[in-house]
Amino acid sequence: MKFLFDFFPLVLFFVVYKFASGNEAAALAMAEHYLGGMVSGGKIVADQAPTMLATAVAIVATLLQVGYLLARRRKVDGMLWVSLAVIVIFGGATIYLHDKTFILWKPTILYWVFAAALLVSQLVFGKNLMRAAMEEALPLPDEFWPRVGYTWAVFLFLLGALNLLMAFVVFRDDMGAWVNFKVFGMTAIFFLFTVGQSLLLFKHIPPEEA
């Protein structure tokens with residue numbers, strides 16, 4: 001359930017983008033009706049509508065995630081607050097300026113913020129965020145945790161760089177292909193890395209704790 005909750009905005013972004021791309025006239029009408037007053041110049045071009053609608057829905061979905069947790073008096077973790085800030089700022093810029101560049105940068109900014117947080121917390125404050133998140137499932141010896149933190153920081157930095165490569169070079173003229181890569185490709189890479197690292201680390205758990 002948590003997996004579905006975390007990916008709720010991403011799934012909605014994908015569904016709305018694909019629907020809008022296949023129904024251009026209806027998408028343009030909806031974008032003009034709901035977003036026309038939020039864009040500079042007040043004019044939306046047909047091929048901009050799918051991205052703008054999908055972005056608006058992702059912003060609302062992330063706000064609903066935070067609102068739901070607050071209403072249930074549950075903790076909103078730092079990652080979700082950062083996600084909310086990034087999607088509101090970069091998604092808002094995409095809508096207001098009707099420019100897809102900002103939403104293309106959004107995953108990279110998010111991954112790089114998390115990578116920086118891992119490094120700063122570990123190097124400056126002596127706190128290993130990956131240990132705090134994973135230690136219950138992986139009770140590793142103390143000496144392994146700094147390595148885990150640095151590995152995740154490097155991985156997130158490279159994932160952010162990969163997004164820029166795909167968005168602005170490989171799929172430069174194909175927004176739909178980038179959306180597919182963002183939803184399926186990057187999710188698969190993240191999942192495979194998580195599983196692969198967990199399997200590698202599992203063998204280092206002391207036998208009495210495994």
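**Exercise 1. Establish the order of the secondary-structure elements along the chain.**

Read from the N terminus on, the elements run α-α-α-α-α-α-α-α-α, and the secondary structure comes to nine helices and zero strands, where helices (H or I, at least four residues) and strands (E, at least two) are DSSP runs numbered from the N terminus. The model is a predicted one, in which local features need pLDDT of at least 70 and side-chain atom pairs count only at pLDDT 80 or more, while totals for chains, interfaces and linings use all residues. Residues are numbered from 1 along each chain as its sequence is written, and side-chain values use heavy atoms, with hydrogens and water left out.

**Exercise 2. Determine how helix 6 and helix 8 pack.**

Begin with the geometry: helix 6 (residues 101–123) and helix 8 (residues 145–170) pack at an angle of about 165°, with their axes 9 Å apart. Helix 6 is therefore roughly antiparallel to helix 8, a term that applies to angles over 145 degrees. Next, sort the contact by class, which gives 22 nonpolar, six polar and no charged residues; Ala, Val, Leu, Ile, Met, Phe, Trp, Tyr, Cys and Pro count as nonpolar, Asp, Glu, Lys and Arg as charged, and the others, Gly among them, as polar.

**Exercise 3. Find what share of the chain is buried.**

Apply the cut-off for buried, under 20% relative accessible area with a 1.4 Å probe and protein chains only; buried residues then make up 41% of the 210 residues in the chain. For the overall extent, the C-alpha atoms fill a box of roughly 65 × 40 × 30 Å, taken along the principal axes.

Terms used: Axes fitted to C-alpha atoms, helices over the stretch in contact; angles between N-to-C directions. Parallel < 35°, antiparallel > 145°, perpendicular 65-115°, else oblique. Buried < 20%, exposed > 50% of the residue type's maximum accessible area, 1.4 Å probe, protein only.
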